[in-house]
Amino acid sequence: MSLQVNDLRVYYRTLKGDVKALDGVSFSMEDGEILGLAGESGCGKTTLGKSLIRMDGRMRHMGGTVELDGRELPIGDDRRMNDFRFREVSLIPQYSMSAMNPTRKIGRMVRELLRSRGATLDLDELESRLSLVELPHAVLDRYPIELSGGMKQRMVMVISTLLDPSLLIADEVTSALDVSTQKAVARALIGFRDAGFVKSMIFVTHDLALTSHIADTIMVMYAGKLAEKAPATAIVKKPRHPYTKLLLDSLPEVGVRYTEKRLAGIAGSPPSLLDPPAGCRFRSRCPIAGEECVQEPPMAEIEPNHFVACWKA
Amino acid sequence: MLKLDNVTKVYKVGAFGGKVFAAVDGVSFDVQAGEVVSLIGESGSGKSTIGKMILGLASITGGSITVDGVPVKPGKDYYRHVQGVFQDPFSCYNPVFKADRVFQMIKDAYYPKLGDKEWDERVRSTIRDVRLDPDQVLGRYPHQLSGGQLQRLLIARALLLDLKLLVADEITSMLDASTRIDVLNLLAELKERGLGVLYVTHDLSLGNYLAERTVVLRRGTVVEMGATGKVFGDPLHPYTRQLLAAVPRLHAPWEDAAPTQTCHYHENAASGAMFEAEPGHLVACAQLDACPK
Ligand SMILES: Nc1ncnc2c1ncn2[C@@H]1O[C@H](COP(=O)(O)OP(=O)(O)OP(=O)(O)O)[C@@H](O)[C@H]1O
Ligand SMILES: Nc1ncnc2c1ncn2[C@@H]1O[C@H](COP(=O)(O)OP(=O)(O)O)[C@@H](O)[C@H]1O
Ligand code: SF4
Ligand SMILES: [Mg+2]
Ligand SMILES: [Mg+2]
């Protein structure tokens, strides 16, 4: 087993109180697994990714454990996490494309980064990885602004996996890209896993259709908790949580004509995480909510590897 | 209603503006009242440049853009009828303005004589039209609203004018699936009320959902256009096929478009004009780069 997360709770300190962005999340990942993490804006996806690598100043580890390859990650201890960052866990953050240092040529940036981690540059290895993502060697002599969005994104992928981390977290890395570039980046991610540059990967996105092509397993979050986790085909073909079903129903598809028929969004909005309601957090929007739903539904394995947190699944 | 005729936009690039680069090159299409036309293309293909020229935010290098026969003329009279909404709703709002202030600015500019009470009624009913609760959104700062709420407020602001044409540039790409559908359905309602909408996107499934007609743009030129069902159901240009093949589908594996070697329209397109494969379905020569014109 590669990653094991147990009852993880991470809150943001704010003036109004704690934002319970991760409120008891448990799951595990196998070696070589790509886990797609989906859910609407604000449900805690980025928070989960950041928790596994670097918490920002307002985040607090309130409870739970994370184990990577059998070793506990000291996620609440910023200093001790330094031994793991980049070498064991690496993150491609949301909006990372714009975060590259604009004043450094890419080659120099890579060298400096490696040096800061006490590693040296293996130029042959770097070149073979660039060609895997179809980037010319010449990008190393260019400044970040000279690359297109898709090229930057692939460059960031190469950089963040140079030390072959066990776990890579890719947060919305394809969301700003057009379909052709998206496909190239997505395939490159799979290639990285297949080549063993990373052992396992969490692919964060709110595009369920795209995730279904990349991920082995899809995990759907809702308001700081897990709603459903299952093999990708099961999520797409036989979703069991009402929220997953509604999400899938709201996706328009090419090849379908929508002359009369309109798709529906999910009425209402997610609860505030400052003071989330007791019981099932999806209750106020759930079309089949019943009396039992005032109690919190536990995550149950209803079929092998298919986990759902819903009383009526 | 909106008509682009052989529109070109040339940017000067390079250190001293010594080189020129055609971001938009000879683009012609139109949008009728009560119709959504989607403008599809990859990043950098010139979609936003076209949108900006229509809105008078960028000059037109060549050709003409008219709305009801009148050329683009930035100013109050033009913006009364033509408005734009953009990708990042947060950047359009001044973060220190509450939502009310944004509406007040419309009143001051366009309806200075209207009574406050009457105006307030109008604002509230327009906000309800975009399916928001006025009491929930008025009086809030932008960071207190979600992306979808902001996007709908911006549309409401445009609707307070005597709007004929709305240019919507990637307005749904920051939103998640469920909110996105709400905004798309809102655009569909506006069209039913007679508005013309130019919907700019790189997401083919959204264009397919919403638009009557589709224009596919590649490196500043139109490669294919026609009824959405035709362009998506029977794509003729290899680039359109390639785009469609890259769209991730829920229930089908990713396909790889077979590269086309020969172009059926090559001879017909020798002048650079588009070939009309069937009424209203136009396709450019696929070998245009090699085409001696
Ligand atoms: N620095 C912060 N201070 C306080 N609350 C925060 C902070 N960052 C995030 N939050 C809150 O934590 C929750 C989860 O945020 P997170 O960024 O993890 O969402 P997400 O699922 O990644 O959303 P998106 O799809 O928009 O990227 C949200 O309610 C958000 O408002
Ligand atoms: N102000 C500008 N100066 C120079 N080039 C520009 C400017 N604005 C856009 N471009 C270029 O014009 C092309 C089309 O840009 P744009 O219309 O924004 O594309 P899209 O919206 O389809 O992604 C791109 O190559 C872009 O780099
Ligand atoms: S537990 Fe109840 S409210 Fe929650 S999703 Fe299931 S049926 Fe709906
Ligand atoms: Mg996020
Ligand atoms: Mg654009």
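1. Strand S2 (19-31) and helix H1 (47-54) of chain B are a good place to start: each supplies at least two residues of the shell around ligand 2. Please keep in mind as you look that this is a predicted model. Helix H1(B) gives the largest share of that shell, with three residues.

2. Here is the full set to pick out on screen. Ligand 2 is surrounded by Tyr11(B), Phe21(B), Ala23(B), Glu42(B), Ser43(B), Gly44(B), Ser45(B), Gly46(B), Lys47(B), Ser48(B) and Thr49(B). By character, this shell has six polar residues, three nonpolar and two charged.

3. The backbone deserves a look too. At Gly44(B), a backbone N or O atom is 2.7 Å from an oxygen atom of ligand 2, and a backbone N or O atom of Lys47(B) also lies 2.7 Å from an oxygen atom of this ligand. For Ser45(B), the distance from a backbone N or O atom to an oxygen atom of ligand 2 is 3.2 Å. On its own, ligand 2 would expose 570 Å², and the protein buries 62% of that.

4. Now over to chain A and ligand 3. There are 13 residues around ligand 3, and those that come nearest are Cys280(A), Cys286(A), Cys293(A), Cys310(A) and Trp311(A).

5. Where does ligand 3 sit? Its place is in the second largest cavity. The shell around ligand 3 is made up of ten nonpolar residues, one polar and two charged. For ligand 2, by comparison, the shell counts are three nonpolar, six polar and two charged.

Note on methods: Residues are numbered from 1 along each chain as its sequence is written. Chains are lettered from A and ligands numbered from 1 in the order in which they are written. This is a predicted model: local features need pLDDT of at least 70, side-chain atom pairs count only at pLDDT 80 or more; totals for chains, interfaces and linings use all residues. Side-chain values use heavy atoms; hydrogens and water are left out. A residue is near a molecule or strand if one of its heavy atoms lies within 4 Å of it. A polar contact is a pair of N or O atoms within 3.5 Å; within protein, one must be able to donate a hydrogen and the other to accept it, and residues adjacent in sequence count only if both atoms are side-chain atoms. Accessible areas come from the Shrake-Rupley method with a 1.4 Å probe; for residues, only the protein chains shown count as cover. Helices (H or I, at least four residues) and strands (E, at least two) are DSSP runs, numbered from the N terminus. Ala, Val, Leu, Ile, Met, Phe, Trp, Tyr, Cys and Pro count as nonpolar, Asp, Glu, Lys and Arg as charged, and the others, Gly among them, as polar. On a 1 Å grid over the protein atoms alone, a cavity is a set of points where a 1.4 Å probe fits but cannot get out, and a pocket is an open set with protein on both sides within 12 Å along at least five of seven lines; lining residues have an atom within 4 Å of a point. A molecule sits in a cavity or pocket if more than half of its atoms lie within 2 Å of its grid points.
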